[in-house]
Each structure stands twice: as structure tokens, then as C-alpha cells.
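Could you walk me through this model one selection at a time? I have the viewer open and would like to know what to click on next.

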Amino acid sequence: MIYFDNVSKVYNEYSTALREITLEIAQGEFVSIVGHSGAGKSTLLKLLLAEETPTEGQVYFHSVNIHQIPPRNLMEYRRKIGMVFQDFRLLPHKTAYENIAFAMEAAGRSDEEIAEDVPYVLDLVDLADKMWHFPHELSGGEKQRVAIARALVNQPEILVADEPTGNLDPVNTHEVARILMRVNDLGTTVLLTTHNPSVVEMIGRRVVTMDRGRIVRDSPQEARQTIAAAS
Amino acid sequence: MSVTLLLQRIVRSGFVKFFRNGFVSTASVLVMTVTLFVMGGLMLLFFLLNASLALLKEKVDINVYFVPSASEEQALALKRELEQLPEVARVEYISREEALRRFILRHQGEELTLQAIEELGENPLGAVLAIKAKEPSQYAQVAQFLSQRQEVLLSAEGAPMIDRINYFQNKEAIDRLANIIDAAERFGVAATAVLVIATTMIIFTTIRLAIYGAREEIAVMRLVGASNTYIRGPFVFEGAFAGALAGLFAMLLLWPVAYFVGTRTKEFFGGVDLFAFYTAHAGVLLLVLVGTGVVLGGLASFLAVKRYLNV
């Protein structure tokens with residue numbers, strides 16, 4: 001489904017974010033990418049979202065080189081990816097309902113579909129009772145769950161979560177990890193970046209470990225053992 | 001997405017954004033109101049200037065005084081010649097009788113003067129041609145033409161038919177007035193140009209600052225896959241709506257100003273009533289102020305958002 005083919009990203013002579021990355025992610029997989037700050041996790045996601053272009057190599061989504069997609073078609077491509085960020089990135093002047101509805105409106109969905117689907121996804125993340133709350137009226141965990149609901153509402157092919165538990169307490173971290181697993185169980189591919197060993201431990205699926213722009217490990221067993229030993 | 005649905009969502013989203021983003025919206029409307037108010041004020045001032053200049057221009061003329069023995073045909077012949085000149089706006093023929101009547105009217109109460117006229121037993125005044133040029137600066141050319149004609153318009157005995165042309169007595173005053181009118185018109189055009197540029201820049205900067213605060217929001221909209229039109233639309237609508245409100249407020253603010261200043265200008269500018277102008281042209285003024293607000297607000301938003309869409 002996703003294929004990073006020998007990808008490097010060099011910002012300048014002092015800053016090389018990725019070095020010769022080759023990575024394949026199959027449909028329906030749950031892949032956790034772990035590594036310290038500066039390991040290259042976020043750059044990897046930016047390349048997948050076509051926010052950055054690789055210095056060398058190609059990134060494919062269903063065999064399409066995403067960096068050859070014309071700018072006018074990029075929004076179509078991005079709608080296939082649900083994004084969740086560490087800082088939630090909700091629209092501050094919209095309620096939980098409206099934040100999710102906005103993603104559906106942007107995708108051209110009808111008002112009837114919106115009225116039907118938004119309460120459904122809010123229920124899926126246990127926030128049906130906070131539908132009309134603004135982001136500043138929600139806790140960190142609740143904001144992240146709204147962000148997940150927004151990412152899911154257009155039924156994306158892949159859910160990309162960039163450090164989604166970075167700003168959350170252990171209870172909410174656990175809750176978000178549980179929701180992501182449930183999403184994956186329902187058939188959506190999930191790509192998660194984190195440096196929280198307990199999240200990786202709890203999810204227990206494929207783990208790709210990055211260090212200074214390289215993939216140093218890509219094995220569920222190996223990674224879990226390393227993380228367990230480190231913690 | 002159909003165009004109707006897109007427009008409907010853009011308008012709805014723009015309205016919601018405007019009212020929920022209370023502080024920024026209020027600040028934008030306030031700044032735009034002040035700017036448009038100044039612009040509206042200048043429009044009123046321009047009217048006052050034009051009306052006053054028109055009054056001044058109306059007061060300037062050249063009179064050709066014929067000798068009493070000059071015939072009506074001679075005066076009317078010169079009138080026809082003058083009307084052919086491109087500089088001349090109109091020529092009024094005042095007969096000897098009419099000139100006497102006006103003279104008596106003007107000197108009502110001056111017993112000595114009226115008595116002297118009566119004692120003469122006949123009308124001592126000749127016919128008069130009152131000439132209005134299109135522009136005050138053109139009187140010199142008209143006067144030159146008249147002085148040429150003065151030399152050839154003679155009676156059978158060779159006596160001149162034109163007694164005098166008052167331009168040469170009033171030349172200095174006419175020239176000075178022409179210069180003042182010319183300078184005032186140039187100043188008006190320059191002030192308008194400066195103010196139009198200032199209005200545009202202030203509105204553009206205000207909107208740009210408001211949208212700068214929403215740049216993160218634009219980035220999020222882009223990441224959830226919204227098209228550029230769908231991201232930009234509500235901002236453009238919001239800017240245009242703020243501009244429309246500002247235009248309306250500026251118009252309302254001008255009402256007491258026009259009322260207060262109007263009564264004074266009526267006395268000072270010889271009957272030019274600013275308030276009467278405001279009420280008579282309220283529709284056009286409103287259209288210009290609201291239109292300027294909508295166009296500048298919408299355009300400024302369009303350009304400001306564009307900056308954050310190219311990521």
C-alpha cells in the first residue's frame with residue numbers, strides 16, 4: 001500500500017533528516033515508528049503527506065508516486081489519509097461537531113450524510129455528550145479523541161498519528177491507544193509515531209525503530225525486547 | 001460539490017467565523033469604519049469645494065458697455081459673434097431700458113443718484129452684454145477678442161460704439177480667482193489620490209493581520225483535504241461582510257457630521273448646504289462606501305489567504 005523506496009531527505013549540508021529509507025506498509029497493518037527526537041519520524045510522515053519532497057528516492061501510495069501528483073489533485077490524495085497530531089490541531093472557533101463536519105464538508109459530503117456520520121464517529125470515541133463543546137472546553141484527551149474522529153469520518157485508507165499521546169496523561173494515553181487499535185481492527189491501516197514505550201508495548205504490533213534518519217530495526221519481537229529492556 | 005452547496009457553506013461558515021471571532025472582527029470593522037468615514041468625509045468636502053468653486057465661477061463675468069447711441073442690432077450682432085467662440089458659455093443681452101431698470105433697482109434709496117437720472121430726462125445708459133466664459137482662465141482670450149472688435153465697431157461718424165469692457169478693470173481679481181480655483185481643484189484631486197491609497201493600504205493591513213492570526217487554522221483546513229476555494233471562501237466572505245458593515249457604519253457616522261457642518265456651511269459658503277447634499281445623495285454615498293468596503297475587504301482577504309495556501 002505504501003512504499004518508501006530508498007528515500008533520503010537533506011535540508012542542508014548540516015541537516016540530513018532521512019538516509020536511504022526503504023519501508024513497505026501493507027494494507028490493514030498497524031505500524032508504530034519509534035525513535036528519539038530528531039530520528040526522522042516526522043519527516044517520514046511529511047513525505048507521506050506530500051508536505052515535503054524527498055531529496056532522493058520515491059514514495060508510493062498504491063503504486064502512485066505521490067510527489068508526481070499535480071498540486072490541484074493533492075487535496076484528493078490527502079483525503080485518503082486521516083491525520084492526528086500531537087497538538088490536536090482543531091479549529092478553535094468550531095465545536096467538536098463542526099470540526100468533524102468541516103472535514104466532511106471539505107470532501108463534498110451532503111448535509112444528510114454529515115448529520116448521520118458525525119454523531120456516529122463521536123460516539124465511537126465516546127464523546128457523544130461533548131458534541132457542542134468548543135476545543136477550549138475539552139480536556140487534552142477529549143481534544144485528541146475529536147481529532148481522531150475527524151481523521152476517521154471520511155473513512156480514510158490510512159490513519160497517520162504523529163505522537164498522538166505526546167501531550168496526554170497515562171489514562172488518556174491508554175484510551176487513545178485503545179481507540180487506534182479498534183480503528184485498525186475495523187480494517188483501517190494505522191501508522192503511528194511515538195517515543196512512548198508503554199504505547200508500543202500496549203499495541204504490540206509491528207515496530208519500526210529509527211535513529212538519526214535510518215531504520216535500525218523493523219521487527220515486532222526485536223523492538224519490543226529493546227523497549228522492554230530500556231524501560 | 002455543487003456550486004450552490006459550496007456557496008451556501010462558504011456564506012454560512014463566513015458568518016459563523018465573523019461572529020465567533022468577535023474581537024478580531026470588531027477590530028477590523030472599527031478600523032475599516034474609521035477609514036471609510038474619512039473617505040466619505042472627503043467626498044462631502046469635495047462636494048463643498050466643487051459647489052463653492054461653481055458659485056465663485058458664477059460670480060465672474062465680463063460686461064461690454066455700449067454707448068447709448070449704439071443700436072440694438074449692433075449689440076446683438078456682437079452677441080452672435082461672441083456665442084461662436086469656444087471659450088464662451090453664454091452671453092446675456094441687457095437692453096438700455098433693462099440696464100436703467102436694474103440701475104434704479106440697485107440704487108434704491110440713493111435719492112441723489114435717482115434725482116440726477118430723472119433730471120437728465122433721457123436714459124444715459126447704453127446696452128450691455130454680460131459674458132460668461134466656460135472657465136475663469138478663458139476670460140483673457142474673450143477680452144482680447146473684444147478689444148479687437150472695439151476698434152472696428154464704429155458709428156457712421158467714426159465714434160466707437162463700445163464704451164468700455166470691464167475686464168480690464170477687474171483683470172487682477174479675475175486672474176487671482178482663476179488661480180485659486182485651479183489650485184483648489186488640483187488639491188482636491190491630489191488629496192483624493194492620497195486618501196484612496198491610504199484607505200487601500202490600511203484595509204489591506206488590517207485584514208492581513210486578522211488572517212495572520214488564522215494561519216494555523218488554514219494549515220489545518222488544508223491538511224484535512226479542503227480545497228483552496230473552500231478554505232478561502234469563508235475568509236473572503238468575512239472580509240467583504242466586515243467591509244459592508246464598516247461602509248454602513250461610516251455612512252451613519254457621517255449623518256450627524258453632515259447635519260452639524262451643514263448648517264454652518266450654508267452661512268459660510270453662500271447657500272451651499274452639506275446636509276441637503278448628504279440626504280439627496282444618501283443612496284449613492286452608501287453604495288460607494290459599502291461597495292468600497294466590500295471590494296477592499298474581500299480582495300484583501302483573498303490575497304492574504306493566498307499567502308498561506310501555497311504550502
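Here is a tour that visits chain A and then chain B.

**Before you start.** This is a predicted model, in which local features need pLDDT of at least 70 and side-chain atom pairs count only at pLDDT 80 or more, while totals for chains, interfaces and linings use all residues. Residues are numbered from 1 along each chain as its sequence is written, chains are lettered from A and ligands numbered from 1 in the order in which they are written, and side-chain values use heavy atoms, leaving out hydrogens and water.

**Stop 1: the sheet in chain A.** Turn on the cartoon for chain A and look for an open sheet of four strands, in the order S2-S1-S4-S5, with antiparallel pairing. Strands here are DSSP E runs of at least two residues, helices are H or I runs of at least four, and both are numbered from the N terminus. Two strands count as paired if DSSP finds at least two bridges between them. At the edges sit S2 and S5 (64-65), each pairing on one side only.

Select S1 (residues 2-12) and S2 (residues 15-25) of chain A: seven bridges join these antiparallel strands. A hairpin leads from S1(A) to S2(A) through two residues. For a landmark, show A:Val10, which stands opposite A:Thr16 in S2(A).

Now add S4 (residues 56-61) of chain A, which is antiparallel to S1(A) and joined to S1(A) by five bridges. Here A:Phe4 faces A:Val59 of S4(A) as its opposite residue.

Which residue in the turn between S4(A) and S5(A) has a positive phi? Click on A:His62, where phi is about 50 degrees; the hairpin has two residues between its strands. S4(A) and S5(A) are antiparallel and share two bridges, and A:Tyr60 stands opposite A:Asn65 in S5(A).

**Stop 2: helices of chain A.** Select H1 (residues 41-48) of chain A, which lies across S1, S2 and S4 and runs at about 115 degrees to S1(A). Axes are lines fitted to C-alpha atoms, for helices over the stretch in contact, and angles run from 0 to 180 degrees between N-to-C directions.

Next, show H3 (residues 96-106) and H5 (residues 140-152) of chain A, whose axes are 8 Å apart at an angle of about 25 degrees. H3(A) and H5(A) are therefore roughly parallel, the word used for angles under 35 degrees (over 145 is roughly antiparallel, 65 to 115 roughly perpendicular, and the rest oblique). Show side chains for the contact (heavy atoms within 4.5 Å): A:Ala96, A:Asn99, A:Ile100 and A:Ala103 from H3(A), with A:Val146, A:Ala149 and A:Arg150 from H5(A). Five of these residues are nonpolar, one is polar and one is charged.

**Stop 3: chain B.** Colour domain 1 (3-56 + 178-309) and domain 2 (59-169) of chain B separately; the bounds come from an automatic or database domain assignment. Their centres, taken over C-alpha atoms, are 53 Å apart. Four residues from domain 1 of chain B and four residues from domain 2 of chain B make the contact.

Finish with H1 (residues 3-20) and H9 (residues 228-268) of chain B, whose axes come within 8 Å and cross at roughly 55 degrees. That crossing makes H1(B) oblique to H9(B). Among the residues that meet here are B:Leu6, B:Phe15 and B:Phe18 in H1(B) and B:Tyr230, B:Phe237 and B:Leu245 in H9(B). The residues of this contact divide into 13 nonpolar, four polar and three charged. In both tallies, Ala, Val, Leu, Ile, Met, Phe, Trp, Tyr, Cys and Pro count as nonpolar, Asp, Glu, Lys and Arg as charged, and the others, Gly among them, as polar.
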